[in-house]
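Visitor: Can you walk me through this one? I'd like to start with the ligands.
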Amino acid sequence: MSTYDASFRIWRGDAEGGELRDFTVEVHDGEVVLDIVHRLQATQASDLAVRWNCKAGKCGSCSAEVNGRPRLMCMTRMSTFERSETITVTPLRAFPVVRDLVTDVSFNYQKAREVPAFVPPEGVAPGAYRMQQIDVERSQEFRKCIECFLCQDTCHVVRDHEENKGAFAGPRFLMRVAELDMHPLDAAAEAGLDRSRTAQEEHGLGYCNITKCCTEVCPEGIRITDNALIPLKERAVDRKYDPLVWLGNKIRRRSDDR
Ligand code: SF4
Ligand code: SF4
Ligand code: FES
């Protein structure tokens, strides 16, 4: 087994401020960045704060920025880097720092609460739900999400724009709206909820200019932009310019005015 010494630069600090600190840490064959951060904790910086859980790319806890790119530390192999390279590990930039590599991601839980849940179809018992395989597969792609929030972190709408956070749900939750809007059994429309309209008016879909940065960093390979955000935008536009919808809205507005 070969070993070598790698140069690491790790952000240390808290909500008040901090700085990058340099470390030299031993690396063994087959290791990932999280292994090195753990060795650093064990040998040189026992108070280094880092969040992790599964070490298998499934819990979404170990999100950080490695050389400026949002990544899961447990899925980033050291062999990706040159041995001579200095590897910089910093906390997710879009969220407030708690300490060292740990950020407060509660923004995402707030956004999750703002998306209305699946509305079950009336008169159909859960065991009797039937849908086509193509619809099942669409939902399944979105359901692979591990809530690592790397897509939320990389999206330029909020990455350096705290002021946009109130009006923008971010790719992960717009994807959730898209999943429900395209779900053949969701009865939201019958219950008076227009999901594509609320995506536009309440969840900030209009801020997204389909740059696909969210898709590029998704560790689950979900095609967030192509399969969720673009179809949701198309559905919002279709509904807005559908003559029947337009007429219905006009009639509804008139009767509301009376
Ligand atoms: S495609 Fe939209 S949601 Fe995704 S990163 Fe770009 S602007 Fe953000
Ligand atoms: S969509 Fe992908 S990048 Fe975004 S939270 Fe889910 S798994 Fe992470
Ligand atoms: S520790 Fe669970 S995804 Fe990395």
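Guide: Sure, one term to begin with: a residue is near a molecule or strand if its C-beta atom, placed from the backbone, lies within 6 Å of it. By that rule 14 residues surround ligand 2, and the closest are Cys145, Cys148, Leu150, Cys151 and Cys218. Bear in mind that this is a predicted model, where local features need pLDDT of at least 70, side-chain atom pairs count only at pLDDT 80 or more, and totals for chains, interfaces and linings use all residues. Residues are numbered from 1 along each chain as its sequence is written, while chains are lettered from A and ligands numbered from 1 in the order in which they are written.

Visitor: How many residues of each class are in the shell around ligand 2?
Guide: The shell around ligand 2 has 11 nonpolar residues, 3 charged and no polar ones. Here Ala, Val, Leu, Ile, Met, Phe, Trp, Tyr, Cys and Pro count as nonpolar, Asp, Glu, Lys and Arg as charged, and the others, Gly among them, as polar.

Visitor: And which residues surround ligand 1?
Guide: Ligand 1 is surrounded by Cys155, Val157, Pro171, Cys208, Asn209, Ile210, Thr211, Lys212, Cys213, Cys214, Thr225 and Leu229. Helix 8 (213-217) and helix 9 (224-241) are the elements that give two or more residues to that shell. Helices (H or I, at least four residues) and strands (E, at least two) are DSSP runs, numbered from the N terminus. By class, the shell around ligand 1 has 8 nonpolar, 3 polar and 1 charged.

Visitor: Where does Lys212 lie?
Guide: Lys212 is in the loop between helix 7 (195-201) and helix 8. Its phi is positive, about 70°, although Lys212 is not a glycine. Most residues other than glycine have a negative phi.

Visitor: Is Lys212 buried or exposed?
Guide: Lys212 counts as partly exposed because it has 15 C-beta neighbours inside 10 Å. The cut-offs: buried if 20 or more other C-beta atoms lie within 10 Å of its own, exposed if 12 or fewer, and partly exposed in between, with C-beta atoms placed from the backbone.

Visitor: Which other residue has a positive phi although it is not a glycine?
Guide: Asp100 has one, at about 50°. Asp100 lies in the loop between strand 6 (97-99) and strand 7, and it counts as buried because there are 25 C-beta neighbours inside 10 Å.

Visitor: What about Thr103, buried or exposed?
Guide: Thr103 is buried, because 21 other C-beta atoms lie within 10 Å. Thr103 has its place in strand 7 (residues 102-103). Leaving aside neighbours within four places in sequence, Thr103 is in contact with Pro91, Leu92, Phe95, Pro96, Val97 and Val98. Contact means that the C-beta atoms of two residues, placed from the backbone, lie within 7 Å.

Visitor: Switching to strands: how do strand 1 and strand 2 pair?
Guide: Strand 1 (residues 3-14) and strand 2 (residues 17-28) are antiparallel, with 12 bridges. Strands pair if DSSP finds at least two bridges between them. A hairpin of 2 residues joins strand 1 to strand 2, and Gly13 stands opposite Gly18 in strand 2. Strand 1 also runs parallel to strand 5 (residues 86-90), joined by 4 bridges, with Ile10 opposite Val89 in strand 5.

Visitor: Last one: what domains is the chain divided into?
Guide: Domain 1 (3-103) and domain 2 (106-257), with bounds from an automatic or database domain assignment. Their centres, taken over C-alpha atoms, are 33 Å apart. 12 residues of domain 1 are in contact with 13 residues of domain 2. On the side of domain 1 that touches domain 2, the residues divide into 7 nonpolar, 3 polar and 2 charged.
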